[in-house]
Amino acid sequence: MDPTLDLLYRLADDQLILGHRNSEWNGLGPILEEDIAFSSMAQDKLGHSLQLYTLLHELGEAEPDTVAFTRNAPQFHCCQLTELPIGEYDFSLIRHFLFDHAELLRFEALADSSYEPLALVARKIKGELKYHVLHANTWVKRLGTATEEAITRMQAALEFTLPYALGIFETTAAEPEIISSGLFIGEEELQRRWEESIAKVLAQTALTLPDLRLLTPVTGGRHGQHTEHLQPLLDEMAEVFRLDPTADW
Amino acid sequence: MPTEAQILDWLQAVTDPEIPTISLVDLGVIREVRLEDDGGVHVRLTPTFAGCPAMDYMRRDVETTLKAHGIPRVTTEISLREPWTSDMVTDRGREGLRRHGLATPPKLNGGLLDLDILEYAECPRCHTTNTELRTPFGATLCRAVHYCHDCRQIFEQFKPI
């Protein structure tokens, strides 16, 4: 695939799928503020995916709604981390923390992309992502220094989630060209920055960051290989759209 | 034929769909007004937040308002060419936010949006800065929720970004 399309699909699909997962906390959050926070982040992420699908459309791909709502799981390029069910709040929080730290660093780097339309979108999105990271840090620090039960659960969620989080940085065949053309700094460099960034926050808690080199990343998502959870998500997300794709809302 | 200044003046009547005390011009959402050779007008808008669901309403209100003033053809465009920052809110806009009971975002002046700035807010009632950020996510994407230790009340702030 063309390197720009390859990169944009990965960025946009991550935003859309995690945005949809975040929206599933609507009405279920453990406290009202968290219900609103996850719903707000869902709205932000859907907005970000729309901006990115619009860039794809400008490059000749189908309309954003068509791309978002008519593809099946094997055509999606999101990492598997984003598609896992929301589970318990501890998992959703740790996923949000690990994903959004990478996302903020990713869009800060993309603000200098050689592809100017993407750089413009990134300059907009990176400011909004600061609020996502602020939110994640606040709760990881709060629960990561709270009761024994909280710390045990957060630690377990961290250990379960990390292999999936390492899958964020799975590369595709386009990676060398993405880096050499100045589109993006590349996944390896991003991962290095990410490790530094999450370690700094976790050091302020009672949580322990395992040795990441001993973990096996869960990959495949960037190449259309997904868990059994993605297709049901897509079916539900597109249920109304597919009733009448030509309807004017 | 009206001037650009005249059109911006007419557009003062178009307010934020959720904050009736601030116009889109003073909010900084309307970035450019351009007169076309055929008497039409082109308006460029930029969203405060990328996922703002109110952009379609804003476009529609801009078009309706200018057509009511006799502009035969109005085109609008949503663009990130000049991405919105809270520093684009004018002084009159900040006054409008306060009248709606919202704290104003601190001025960034091109500086970094760091954690200290995100957590800073002045209470719109008593003007103290003895306040704390309760949650960065409020009733809309562009608002955060803070607590005033002097009033002992929650208040909303238009977020700095």
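Here a biologist and a modeller talk through a predicted model with chains A and B.

Biologist: Let's start with chain A. How many helices and strands does chain A have?

Modeller: Chain A has eleven helices and zero strands. Read from the N terminus, every element in the run is an α.

Biologist: What makes the size of chain A agree with that of a compact globule?

Modeller: We set its value against a rule. For 249 residues, a compact globule would have a radius of gyration near 18 Å, and chain A has 18 Å, so the two agree. Along its principal axes, the C-alpha trace spans about 55 × 45 × 30 Å.

Biologist: What share of the residues in chain A is buried, and what makes a residue count as buried?

Modeller: A residue is called buried because 20 or more other C-beta atoms lie within 10 Å of its own. In chain A, buried residues make up 47% of the 249. As for contacts with a separation of 6 or more, 77% of them in chain A join residues 24 or more positions apart.

Biologist: Now to chain B. Which strands form the open sheet there, and in what order?

Modeller: The order is β3-β4-β5 in chain B, with mixed pairing.

Biologist: Why are β3 and β5 of chain B called edge strands?

Modeller: Look at their partners: β3 (30-35) and β5 (74-78) of chain B each pair on one side only. From one strand to the next, the twist averages 15 degrees.

Biologist: How do you know that β4(B) and β5(B) count as a pair?

Modeller: Two strands pair if there are at least two bridges between them. Strand β4 (residues 41-45) of chain B and β5(B) share five bridges, in the parallel sense, so the pair meets the cut-off. Within the sheet, Leu45(B) stands opposite Ile78(B) in β5(B).

Biologist: Which helix packs on that sheet?

Modeller: That is helix α3 (residues 55-68) of chain B, which touches β4 and β5 of chain B. The direction of α3 makes about 155 degrees with that of β5(B).

Biologist: How do you know that chains A and B touch?

Modeller: Two residues are in contact if their C-beta atoms lie within 7 Å. By that test, 21 residues of chain A are in contact with 15 residues of chain B, so the chains do touch.

Biologist: Which helix gives the largest share of the side of chain A that touches chain B?

Modeller: That is α6(A), with eleven residues. Both α2 (32-58) and α6 (116-143) of chain A supply at least two residues each. By class, this side of chain A has eight nonpolar, seven polar and six charged residues.

Conventions: Residues numbered from 1 in each chain as written. Chains lettered and ligands numbered in written order. Predicted model: local features only at pLDDT ≥ 70, side-chain atom pairs only at ≥ 80, totals over all residues. Helix = DSSP H or I, 4+ residues; strand = E, 2+ residues; numbered from the N terminus. Axes fitted to C-alpha atoms, helices over the stretch in contact; angles between N-to-C directions. Nonpolar A, V, L, I, M, F, W, Y, C, P; charged D, E, K, R; others polar. Rg over C-alpha atoms; globule rule 2.2 N^0.38 Å. Buried ≥ 20, exposed ≤ 12 C-beta atoms within 10 Å, placed from the backbone.
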